[in-house]
Amino acid sequence: MTYLILGLIVFLGVHSVRIVADGWRTDTRARIGAMPWKGLYSLASAIGFGLIIWGFGQARQQPVQLWSPPTGMRHLAALLTLAAFVLMVAAYVPGNRIKARLHHPMVLSVMVWSLAHLLANGNLGQMVLFGSFLVWSVVDYLASRRRD
């Protein structure tokens, strides 16, 4: 579980720089250049993502069941995941109504995806992983809307 939490801190921390330190991010990007910034950002994200994968794999070997979701939650999760895919695609399609109305469909996609997984899974590792992504996506969405 330690590697999972460390990976979440690194990955979501890197993705939260604009939320908590937008001025520092802008200054650093201007100082070192856009491409080096993207390289460092990508490297840190990849390290965090790797730690998440490793830590989640370890957490799955010794699951701690917190609750047993009803069978119907799997069906709801599948429906919500389909909606998350639509939102993710809407983030990349130029000039669509979903993006125009919701403003940040990719973050909303992560929010719906993580909520779907929380509803359908009840062990500790999954709650930590998907709960962290849900909290991050809510905070990021609110910060992005405030920035707009």
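This is a stop-by-stop tour of a predicted model, with something to select at each stop.

**Whole chain**

Start with the cartoon view. The chain has eight helices and zero strands. Read along the sequence, the pattern is α-α-α-α-α-α-α-α. Along its principal axes, the C-alpha trace spans about 50 × 40 × 20 Å. Colour by accessibility next: 36% of the 148 residues count as buried. Now consider contacts between residues at least 6 apart in sequence. Of these, 69% join residues at least 24 apart.

**Helix H4**

Select residues 34–61, which make up helix H4. H4 has 28 residues. From its first C-alpha to its last it reaches 41 Å, close to the 40 Å expected at 1.5 Å a residue. Show the side chains of its buried residues: Trp 37, Ser 45, Gly 48, Leu 51, Ile 52, Gly 55, Phe 56 and Ala 59. Many helices show a regular rhythm on one side, and there is a general reason to look for it here. An α-helix has 3.6 residues a turn, so residues three or four places apart point the same way. What covers the buried residues of H4? The cover includes H1, H2, H3 and H8.

**Trp 24 and Trp 37**

Stay on H4 and pick Trp 37. Its relative accessibility is 10%, so Trp 37 counts as buried. Add Trp 24, in helix H3 (residues 22–32). The two tryptophans form an edge-to-face aromatic pair, 5.8 Å centre to centre with 70° between the planes. They sit 13 residues apart along the chain, and the pair links distant parts of it.

**Val 17**

Now select Val 17, in helix H2. Is Val 17 buried or exposed? At 16% relative accessibility, it falls under the 20% cut-off, so Val 17 counts as buried. Leaving aside neighbours within four places in sequence, Val 17 is in contact with Asp 22, Trp 24, Arg 25 and Trp 37. Both tryptophans of the previous stop are therefore on the contact list of Val 17. For a sense of scale, draw a distance from Val 17 to Ala 120. Their C-alpha atoms are separated by 30 Å, and the two residues are 103 apart along the chain.

**Phe 56, Phe 130 and the ring cluster**

Go back to H4 and pick Phe 56, then add Phe 130 in helix H8 (residues 124–147). The ring centres are 6.5 Å apart and the planes are at 70°, so this pair is edge-to-face. The partners are 74 residues apart and link distant parts of the chain. Phe 56 is buried, with a relative accessible area of 16%. Phe 130 is buried too, at 6%. Widen the selection to Phe 11, Phe 49, Phe 56, Trp 113, Phe 130 and Phe 133. Ring pairs link these residues into a cluster. How many aromatic pairs are there in the model? The count comes to eight.

**Ser 137**

Move along H8 to Ser 137. At 0% relative accessibility, Ser 137 counts as buried. Beyond its neighbours within four places in sequence, Ser 137 is in contact with Val 107, Val 110, Met 111 and Ser 114.

**Helix H5**

Select residues 72–92 for helix H5. Its 21 residues reach 32 Å from first C-alpha to last, close to the 30 Å expected at 1.5 Å a residue. In H5, Ala 77, Thr 81, Ala 84, Leu 87, Ala 90 and Ala 91 are buried. Their cover includes helix H6 (97–102) and helix H7 (105–120).

**His 103**

Step into the loop between H6 and H7 and pick His 103. His 103 has a positive phi of about 75°, although it is not a glycine. At 37% relative accessibility, His 103 counts as partly exposed.

**The largest pocket**

Finish with a surface view. The largest pocket holds about 830 Å³ of space. Of the 30 residues that line it, the closest to its centre are His 15, Met 106, Val 107, Trp 136 and Asp 140. Which helix gives the most to the lining? H7 does, with six residues. Helix H1 (2–14), helix H2 (17–20), H3, H4, H5, H7 and H8 each supply at least two residues. By class, the lining has 18 nonpolar, five polar and seven charged residues.

Note on methods
Residues are numbered from 1 along each chain as its sequence is written. This is a predicted model: local features need pLDDT of at least 70, side-chain atom pairs count only at pLDDT 80 or more; totals for chains, interfaces and linings use all residues. Side-chain values use heavy atoms; hydrogens and water are left out. Rings of Phe, Tyr and Trp (its six-membered ring) pair if their centres lie within 6.5 Å; planes under 30 degrees apart count as stacked, over 60 as edge-to-face and the rest as tilted. Helices (H or I, at least four residues) and strands (E, at least two) are DSSP runs, numbered from the N terminus. Buried means under 20% relative accessible area, exposed over 50%, partly exposed in between (1.4 Å probe, protein chains only). The expected span of a helix is 1.5 Å times one less than its number of residues. Contact means heavy atoms within 4.5 Å. On a 1 Å grid over the protein atoms alone, a cavity is a set of points where a 1.4 Å probe fits but cannot get out, and a pocket is an open set with protein on both sides within 12 Å along at least five of seven lines; lining residues have an atom within 4 Å of a point. Grid points are joined across faces, edges and corners, and a volume is the space filled by probe spheres set on the points. Ala, Val, Leu, Ile, Met, Phe, Trp, Tyr, Cys and Pro count as nonpolar, Asp, Glu, Lys and Arg as charged, and the others, Gly among them, as polar.
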